[in-house]
Amino acid sequence: MHTNIDKRRIVRIEETISETPTVKTLVFKDDLSYTAKPGQFLMIWIPRIEEIPMSVMINSKDGYAAVTIRKSGIGSTALFDRKKGDLIGLRGPYGNKFVLKKSYQNTLIIGGGTGLVPLLRLAYYASKKKIKTTIVLGARTKREVFFEKIARKITEKSDCTFLVCTDDGSYGIKGTTVSVMSSLVRENIFDCVFTCGPELMMKGVVGLATENSIPVQASLERYMKCGIGICGSCCLDSSLVCQDGTVFNGRQLSKILDFGISYRDKDGQKINYA
Amino acid sequence: MLASGILGISQSIFERLYHENIGGIVTKSISVNPMKGYPNPTVIPLGGGSYLNAVGLSNPGVNAFSKELSQNKTIPIIISLVGSSEKEFSKMVKIFDKLNILGYEINLSCPHVSKMGMEVGDDPEAVNKIVKSVRMSTTKPISVKVGVGSIDVVELARVALDAGANIITAINTLRAMSIDVETMMPILSNRIGGLSGNAIKPIGIRCVYEISKKLEAPVIGCGGVSSWKDVIEYMIAGASAVQIGSVLGSTGPRIFNQITKELKNYVEKKGLRNISEIIGIAHKY
């Protein structure tokens, strides 16, 4: 087994799972990825095309891991198009992790779209520690709801509630994750909220948690070149998502002015979220 | 000092580094227009503290970057400049000269972008013109960053100093390549990049030694510095200051504070009044 996370491993894609027409999960064997902590990411090399940071998806087989891609840019589309048997490169896992404190008894997990990837790994660890968990998966519409089966499987044996909401009400509860969270926090006492998804959604989740004095942790995403704290592409104010994150707590986020406001483009210019 | 190309695009990051006891910060190389750089992979950790990169000089360009630095008051920032012609350099200097900055480092040695960096540095006439044009546009100190290209590093440094540069920074990364044996493909999208980190330190030491022995100007050492011992070695070779870059990939910004403390211990242990006493001691041998 490799122990140097920087060392590039070339792995064969052993299975592909179509989640929606634009979202796919690729399964591969890699010990370091199998033991990745929730919130950590891999730098995935699609030979001669791109290298992109991806959260590590869990897989039920020992020694296996996966990545779940939504096709959008050149890199993610190329990775989406990989087939069973194709080779990809990996380095990492890099970054910090979601922290499950021993004192936690009841936690809330809020994921938007592929943002659920690190949260499912977290839910798996939470269920092993017998922490009560409520998972909220948000999507715009029924067609974009995925991971429901795997989320139910992870949580079936533990004291866990799984809720799906869609913006248009075509599946599950009608409403956004933030509106669902809003009613949940009125009726429950949560020790911590964990979130990952579109940044503006996370901004809402973090704001609501903070208003209700609930500790919150969010896993952020940024464009990266190196993944290891050299290039500076992923900076939010003075924090680097790759080295200081990907997970930041509510206290840290309250001081990061860029959170939910702006990100850096490939050339390093600040761009505001629309 | 922070070497150019590392973490160098954000004023907030510069402030964080400043609190780590950094002596100076060289920004990423800035060009007239924004550059997106090459697609990934652009940075490859090779193991053993060495790295290969072909970022492709990605930077926000002179206008966005001068806005980024507009509120700077106390941080000792040196702007790295890159371009193809003397006009581009003088245009940038006219804009940057209004900011609170220490000076400039002219990048004549990036080994992986055409018509910029080393392709300019390998042409003594172009070096002469560019350095002269920057000299005409500013009274601030100018360092020229040289690398190992097709002309002798001491000759290149001499041309730069004769044209009005005050300082030489040596060295930049070295042209290098890495190929994956499973896929049989070059890893960098640009195929060829620049080698940095531990592997190039002895070459950097040699260049600093030769330049500082033969020429009068102060030399800033750069290349493979990861500990206080490397800083001392560069200074003994003739460096008046030392830049640190690639090692941040394994340590993060705290390396500056750590090395500063360890250098103080060394100065005490050796009974020196000032660390500058060791600069160029190796020239005796």
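User: What makes A:Leu90 in S7(A) the bridge partner of A:Arg9, and how do S1(A) and S7(A) pair?

Analyst: In this predicted model, A:Arg9 has A:Leu90 of S7(A) as its bridge partner. S1(A) and S7(A) are joined by four bridges in the antiparallel sense; two strands count as paired if DSSP finds at least two bridges between them, so these two are called a pair. Strands here are DSSP runs of E with at least two residues, and helices are runs of H or I with at least four residues, both numbered from the N terminus. Local features need pLDDT of at least 70, side-chain atom pairs count only at pLDDT 80 or more, and totals for chains, interfaces and linings use all residues. Residues are numbered from 1 along each chain as its sequence is written, while chains are lettered from A and ligands numbered from 1 in the order in which they are written.

User: Why are S1 and S5 of chain A called edge strands?

Analyst: The open sheet has four strands in the order S1-S7-S4-S5 with antiparallel pairing, and S1 (9-12) and S5 each pair on one side only, which is why they are the edges.

User: How do you know that the span of H5(B) agrees with its number of residues?

Analyst: The expected span is 1.5 Å times one less than the number of residues, so the 14 residues of H5(B) (124-137) should span 20 Å, and the end C-alpha atoms are indeed 20 Å apart.

User: What makes B:Val127 buried and B:Glu125 exposed?

Analyst: A residue is buried if 20 or more other C-beta atoms, placed from the backbone, lie within 10 Å of its own, exposed if 12 or fewer, and partly exposed in between. B:Val127 is among the buried residues of H5(B), whereas B:Glu125 is exposed on the other side.
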